[in-house]
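Have the coordinates open and your favourite viewer ready. Here is a short tour to follow alongside the structure.

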Amino acid sequence: MKEEYDKNPVDLCVLCALCGEPEAVILANGDYPTQPIPSQMLANAPYVVCCDGGADAYIAQGHVPDVIIGDGDSLSEENRRKYSHILHHISDQETNDQTKAVNFLMEQGKKNIIIVGATGKREDHTLGNISLLIDYMRAGANVRTFTDYSVFIPCRHTHTFSCQPGKQVSIINFGAHGLRGEGLVYPLSDFTNWWQGTLNECTGTEFTIHAEGEYLVVINY
C-alpha cells in the first residue's frame, strides 16, 4: 500500500497533516471502503467500532471489530448472536448509529476519531453523516471522514492546510462569517448555500481559510 501513496504525494499529505494518529476508526454502514486511503485507515486502526450492519461487511472481510454499536436493525441475526459479547445495543432513535459510535468513544476518552464508510447507499444518510461532523467538533472530538474520494474536515475559525497545486477543495459554510481564503483560485465569501463553496482549487503547497465560525473543508485526493 505504501507504494501506492508514493505515487501521489497528496495522499501522504492528507494522511500526515490531517489525521495524525487516530485513537479509533468508526466503520459506518455505507459503502465499504475500496480505495487506498480509507482502506489503509481501517486496516491500521488501533480500535474499530462498527455501526450496526457495517459489522457484517467488516466481518465478511475476515476481521472482528472491537465494538459493534447501534439499534441492531441492520445487523445479521447470525452476527448478532455470534458477537453478542461486543454488541452495544442502543435503541435511542434521537441519534443515528454514527453518532452513537462517536459518543461511545468520547465517553472512553477517545477524541481523535476517523470515520470511514459513512457515504453511499442512501443520499439522506450521507448528508446527515456529513453534517453531523460539525456537532462532533462542538462536542470536543477531533474527527475526520474519509471517503473513497476525499476527506471532510470540520473547522472553526482560521485554519491552514497542506495541499498540492491544482487539487480540488470545497468549503461548506455552517454559519461562519468573514470567510476569506489564501492559496485558492477563487475568492471566498459568506456562502449561504452548500454549492457556492464547491470546486475551488489549491494554487500552491498550502491554503488558509480565515473565518469566524464553523465550516467544513473537503479536500479531494
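What follows is a walk through a pocket, a strand, the nonpolar cores and a few single residues.

Please keep in mind throughout that this is a predicted model.

**The largest pocket**

Let us begin with open space. Rolling a probe the size of a water molecule over the atoms shows where empty space is left. Here, the largest pocket holds about 450 Å³ of space. Its lining is made up of 25 residues, and Asn29, Asn96, Asp97, His125 and Asn129 are the closest to the pocket centre. Two helices to look at are α6 (97–107) and α7 (123–138), each of which supplies at least two residues of the lining. The biggest share comes from α7, with 4 residues.

What is the chemical make-up of the lining of the largest pocket, by class? It has 13 polar and 9 charged residues, along with 3 nonpolar ones.

**Strand β13 and its partners**

Now turn to strand β13, residues 214–220. Of its 7 residues, 6 are buried, so the strand is largely enclosed by the rest of the structure. Strand β13 pairs with β7 (residues 150–156), running antiparallel to it and joined by 7 bridges. It also pairs with β9 (residues 168–173), again in the antiparallel sense, over 5 bridges.

A good residue to centre your view on is Val217. In β13, Val217 is the bridge partner of Ile153, and Ile171 also stands opposite Val217. While you are looking along the strand, recall a general point: in a regular strand the side chains alternate between the two faces of the sheet.

**Nonpolar cores**

Val217 turns up again in the nonpolar interior. The largest nonpolar core counts 39 residues, and Phe207, Ile209, Tyr215 and Val217 have the most contacts inside it. Another core, of 28 residues, lies apart from that one, and its members include Val67, Ala101, Met106 and Ile172. As background, nonpolar side chains tend to be buried together in soluble globular proteins.

**Four residues to click on**

The table gathers four single residues, with their places and relative accessible areas.

| Residue | Place | Relative accessible area |
|---|---|---|
| Pro65 | loop between α4 (54–60) and β3 (67–70) | 4% |
| Thr145 | strand β6 (residues 142–146) | 2% |
| Asp52 | loop between β2 (48–51) and α4 | 0% |
| Lys121 | loop between β5 (112–116) and α7 | 60% |

Why does Pro65 count as buried? Its relative accessible area is 4%, and buried means under 20%. Leaving aside neighbours within four places in sequence, Pro65 is in contact with Val48, Cys50, Tyr58, Ile59 and Ile86. The C-alpha atom of Pro65 is separated by 9.3 Å from that of Tyr83, with the two positions 18 residues apart along the chain counted as their spacing.

Thr145 is buried as well, at 2% relative accessibility. With neighbours within four places in sequence again left aside, its contacts are Ile115, Ala118, Leu133, Ser150, Val151 and Phe152.

The remaining two entries are worth a look for their backbone angles. Asp52 has a phi near 45°, a positive value in a residue other than glycine. Lys121 has a positive phi too, near 70°, and is likewise a residue other than glycine. Are these two residues buried or exposed? Asp52 is buried, with a relative accessible area of 0%, whereas Lys121 counts as exposed at 60% relative accessibility.

Terms used:
Residues are numbered from 1 along each chain as its sequence is written. This is a predicted model: local features need pLDDT of at least 70, side-chain atom pairs count only at pLDDT 80 or more; totals for chains, interfaces and linings use all residues. Side-chain values use heavy atoms; hydrogens and water are left out. On a 1 Å grid over the protein atoms alone, a cavity is a set of points where a 1.4 Å probe fits but cannot get out, and a pocket is an open set with protein on both sides within 12 Å along at least five of seven lines; lining residues have an atom within 4 Å of a point. Grid points are joined across faces, edges and corners, and a volume is the space filled by probe spheres set on the points. Ala, Val, Leu, Ile, Met, Phe, Trp, Tyr, Cys and Pro count as nonpolar, Asp, Glu, Lys and Arg as charged, and the others, Gly among them, as polar. Buried means under 20% relative accessible area, exposed over 50%, partly exposed in between (1.4 Å probe, protein chains only). Two strands pair if DSSP finds at least two bridges between them. A nonpolar core is a set of buried Ala, Val, Leu, Ile, Met, Phe, Trp, Tyr and Cys residues joined through side-chain atoms within 4.5 Å. Contact means heavy atoms within 4.5 Å.
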